[in-house]
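The following paragraphs walk through the structure shown here, beginning with a single helix and ending with the way the chains meet.

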Amino acid sequence: MRTRFQQGLDDLRARLLRMGGLAEQAVDRACQAYIDRDLARCHMVLEGEFEINVAEREIDELAFDLLALQQPIAVDLRFILAVTKINSDLERVGDQAVNIAERAMDLVELPKADLPVDIPRMAAAVSAMVRRALESFIEGKAELAQAVLEMDNVVDRMKDEAFITLVKTMNERPEVTRQALDALLVARNLERVADHATNIAEDVIFWVRGADVRHNVAPESPLHQRSTDTH
Amino acid sequence: MGVGIKVEKLNAWFGKTQALYDITMEAPANHATAIIGPSGCGKSTFVRCLNRMHETVPDARATGRVRIGELDVYNGTAAVQIRRRIGMVFQKPNPFPTMSIYDNVAAGLKLNGFHDHARLDEIVERSLKLSALWDEVKDSLRKKSGASLSGGQQQRLCIARALAVQPQVLLMDEPCSALDPISTGKIEELIFQLKEKFTIVIVTHNMQQASRVAEFTGFFLLGKLIELDKTEKIFTTPSDKRTEDYITGRFG
Amino acid sequence: MPETVTATSDFAAAPISLWRRGMNFFATLAAAAAVVLVLLPLGAVFGYLVYKGIGSINWAFLTQTPKPVGEAGGGMANAIAGSAWILLIASSMGVPIGIGAGIYLAEYGRNQFGNVIRFTADVLNGVPSIVVGIVAYAIVVLSQGHFSALAGGVALAIMMIPTIARTTEEMLLLVPNTVREAAYGLGVSRWRTTLSITLRTATSGVITGVMLAFARVAGETAPLLFTAFGNQYWNWKINQPTAALSLQIFTYAISPFDEWHRQAWAGALILIVLIVFAVSAVRIVASRGMLKGTN
């Protein structure tokens with residue numbers, strides 16, 4: 001039934017997954033570039049941003065057309081709305097990857113400093129969050145999305161610890177202030193990526209369950225009368 | 001003011017074929033309740049059971065309880081009496097072809113013995129105003145026949161005719177399916193305003209119409225009521241998969 | 001999956017063949033010829049009647065009773081009046097019964113019993129008029145002991161009823177069910193709906209049926225032979241033999257007198273004219289009563 005509509009939905013899904021892949025790859029590359037002090041990789045990230053922006057526009061346009069022409073309701077409407085929101089979050093993830101790459105480019109010119117902060121571990125956690133959020137979208141499974149929401153707390157703690165440690169380092173070793181600042185900003189960017197991954201997970205739950213779980217309000221609260229476990 | 005409709009375990013048959021199975025639902029007063037579902041699901045049959053029009057088909061019968069306000073539709077009162085308290089608008093506009101516009105609107109009253117002419121004038125004017133047709137026909141009330149109006153106007157005439165007997169409940173069986181979008185829009189506007197005074201049950205196969213016009217929506221499938229809930233719930237997060245499959249066009 | 005449909009353009013664009021066009025022209029010609037063939041006898045009859053009868057129509061003919069054999073002059077005034085009187089009696093019985101039967105068949109008789117009635121009506125329609133006359137003779141004349149206008153009326157009524165019943169039934173069935181439903185929805189009872197709504201909607205068709213039956217029996221001669229019997233004088237009493245135009249024409253036509261032949265032609269012309277006049281008058285009156293926008 002409704003072949004054209006179904007094709008439109010499948011197209012939207014495929015495009016969003018491709019964009020997710022691009023964003024995930026951008027973050028991984030930027031983090032790797034930072035860890036390895038790899039200028040070439042930084043440039044790859046900066047060049048990749050254009051493709052992500054184009055993809056964002058195309059997805060929004062397709063979603064808009066489907067809304068206008070096909071009058072979707074219920075699960076289809078939730079899906080399209082979720083896609084537009086995830087689209088926006090993925091584009092921001094791309095922006096954060098660029099920011100990380102820029103910090104990496106700055107760091108390359110400075111002498112190597114041994115900082116007591118585990119950026120690679122944080123990067124791995126954040127990368128896992130993004131991947132799991134996208135998986136939950138591919139599979140349409142709210143449980144996977146729920147897991148992402150829980151990982152956000154871990155990453156937040158990592159960022160807070162990094163801040164404290166790096167501020168202390170900057171006080172004790174003023175000669176590595178710039179490197180410490182770069183590290184601080186990268187930690188901040190990674191935390192932002194984690195927030196976007198969390199948003200994506202919340203949007204997946206909205207699509208799959210029709211429950212609005214944003215801003216940490218529990219589904220059973222009186223603010224949300226729509227929550228039902230249907231699937 | 002309208003009254004609520006309560007239906008309990010309504011079953012209906014055409015001869016040996018059962019058309020409705022144990023329908024239990026409520027349509028609240030002064031609200032519009034839409035009935036949706038694929039062809040042959042029993043939605044028209046259901047609405048016609050509410051005012052016992054179902055019985056006009058030979059070999060048709062219904063069991064169960066229907067209460068319209070204080071009135072028990074199936075126990076005690078004659079079908080003819082019941083239908084005088086419930087207004088009905090049909091799918092294809094059906095004004096009486098040999099009667100003028102005035103006589104059409106007054107038909108429900110005149111044919112049932114009411115002949116006070118002064119009050120009739122008043123009632124006809126009021127009903128035509130309620131159905132937003134007064135301005136278009138006030139100069140040719142007795143000169144033009146009901147059938148000489150356009151489709152949309154004819155349907156509004158039928159609405160005026162139904163309202164003239166001052167029912168508390170208005171049943172509408174796909175009232176806009178034979179009309180163009182502009183006439184449909186006018187009638188939907190009308191339904192919105194009529195809700196203040198009447199309780200409305202509207203059968204429609206156009207889901208966008210149900211979502212525009214009704215506060216509550218019931219989904220029928222193969223003679224059973226699958227789900228009845230607030231319209232925004234049905235159209236954003238329906239509880240039953242069958243409802244969702246139907247409204248998203250997966251079948252039907 | 002719906003299969004894609006492609007239009008074969010060469011089919012739509014091909015010119016219409018000569019053979020097809022020829023057939024079209026021929027069929028149109030044949031239809032026109034059929035119309036002419038139908039109108040020809042009608043025109044011929046009317047024309048011939050006018051030719052033979054117009055000379056004999058004068059004021060005396062229209063106002064005087066027949067003169068005794070041998071005398072010239074006289075008229076058919078009493079026959080004209082008598083026909084009208086008998087037809088009035090016949091209509092007053094035939095029309096209500098016929099319409100009533102039609103209403104029953106259409107609204108309540110969609111069953112085996114109704115089929116029996118329908119069959120009976122169709123058979124009755126085919127009964128020869130002389131037989132109807134004999135039946136009326138047996139029922140009315142023999143029991144009363146004399147010929148009468150009433151007997152004539154009964155005979156003609158029996159002939160009117162099947163036609164009126166069947167056309168009424170058909171006209172009522174043509175009324176779409178949505179109109180009845182509209183009335184039921186307003187809480188109007190079934191009999192009231194049938195009379196005030198359904199019948200009223202079918203009025204023009206029912207009138208046509210009545211006119212058809214009327215025109216048919218207006219010219220009948222055989223049923224009146226043993227019932228009304230005929231009369232040389234004026235009679236307005238229902239229980240006495242009455243003159244009728246068709247009877248008078250019959251009597252004069254088979255007589256050996258030229259004078260009477262002449263008057264028979266005139267009578268025939270008058271009969272046709274009166275029938276046309278009556279049917280048209282009813283049509284005009286009925287359509288005046290209708291509103292703008294109805295047919």
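This is a predicted model. A convenient starting point is helix H6 of chain C, which covers residues 129-144. H6(C) has 16 residues, and the distance from its first C-alpha to its last is 21 Å, close to the 22 Å expected at 1.5 Å a residue. The helix nevertheless has a kink of about 35°, centred on Tyr137(C).

Which residues of H6(C) are buried? They are Val132(C), Gly133(C), Ala136(C), Val140(C) and Val141(C). In an α-helix there are 3.6 residues a turn, so residues three or four places apart point the same way. The buried residues of H6(C) pack against two other helices of chain C, namely helix H7 (149-174) and helix H11 (222-225). After H6(C) comes Gly145(C), with a positive phi near 95°. As for confidence in this chain, the mean pLDDT of chain C is 88, and 94% of its residues reach 70 or more.

The sign of phi leads to two further residues. Most residues other than glycine have a negative phi. Arg52(B) is not a glycine, yet its phi is positive, about 60°. Arg52(B) comes just after H1(B), in the loop that runs between helix H1 (43-50) and strand S4 (60-68) of chain B. Is Arg52(B) buried or exposed? With 22 other C-beta atoms within 10 Å, Arg52(B) is buried, because the cut-off for burial is 20 or more.

The helix that precedes this loop can be described in similar terms. Eight of the eight residues of H1(B) are buried, so H1(B) is largely enclosed by the rest of the structure. The buried set includes Lys43(B) and Arg48(B), along with Ser44(B) and Thr45(B). Phe46(B), Val47(B), Cys49(B) and Leu50(B) are also among the buried residues of H1(B).

Gln71(A) is the other case: it is not a glycine and has a positive phi of about 45°. Its place is the loop between helix H2 (39-70) and helix H3 (74-108) of chain A. Gln71(A) has 14 C-beta neighbours inside 10 Å and therefore counts as partly exposed. Arg52(B), by contrast, is buried.

Gln71(A) also serves as a way into chain A as a whole. Chain A contains six helices and zero strands, and its pattern along the sequence is α-α-α-α-α-α. Its radius of gyration is 19 Å, close to the 17 Å that the globule rule gives for 231 residues, so chain A is as compact as a globular protein of that length. The C-alpha trace of chain A spans about 65 × 40 × 20 Å along its principal axes. Of the 231 residues in chain A, 43% are buried. Among contacts in chain A between residues at least 6 apart in sequence, 76% join residues at least 24 apart.

Confidence in chain A can be given for the whole chain and for one stretch. Its mean pLDDT is 90, and 93% of its residues reach 70 or more. Over residues 221-231 of chain A, however, pLDDT stays under 50, and the model has 23 contacts beyond four places in sequence for this stretch.

What remains is the arrangement of the chains. The model scores ipTM 0.91 and pTM 0.79. Two pairs of chains are in contact, and of these chains B and C share the most contacts. Chain A and chain C do not touch, and their nearest C-alpha atoms are 8 Å apart.

Where chains B and C meet, 19 residues of chain C are in contact with 24 residues of chain B. On the chain C side, the elements that give two or more residues are helix H8 (177-185) and helix H9 (190-201). H8(C) provides the largest share of that side, six residues. By class, the side of chain C that touches chain B has seven nonpolar, eight polar and four charged residues.

The contact between chains B and A takes 12 residues from chain B and 12 residues from chain A. On the chain B side, helix H9 (231-236) and helix H10 (241-247) each supply at least two residues. The residues of the side of chain B that touches chain A divide into four nonpolar, six polar and two charged.

Definitions and conventions
Residues are numbered from 1 along each chain as its sequence is written. Chains are lettered from A and ligands numbered from 1 in the order in which they are written. This is a predicted model: local features need pLDDT of at least 70, side-chain atom pairs count only at pLDDT 80 or more; totals for chains, interfaces and linings use all residues. Two residues are in contact if their C-beta atoms, placed from the backbone, lie within 7 Å. Helices (H or I, at least four residues) and strands (E, at least two) are DSSP runs, numbered from the N terminus. Ala, Val, Leu, Ile, Met, Phe, Trp, Tyr, Cys and Pro count as nonpolar, Asp, Glu, Lys and Arg as charged, and the others, Gly among them, as polar. The radius of gyration is taken over C-alpha atoms; the globule rule is 2.2 Å times the number of residues to the power 0.38. A residue is buried if 20 or more other C-beta atoms lie within 10 Å of its own, exposed if 12 or fewer, and partly exposed in between; C-beta atoms are placed from the backbone. pLDDT is the predictor's confidence in each residue, from 0 to 100. The expected span of a helix is 1.5 Å times one less than its number of residues. The bend at a residue is the angle between axes fitted to the seven residues ending there and the seven starting there.
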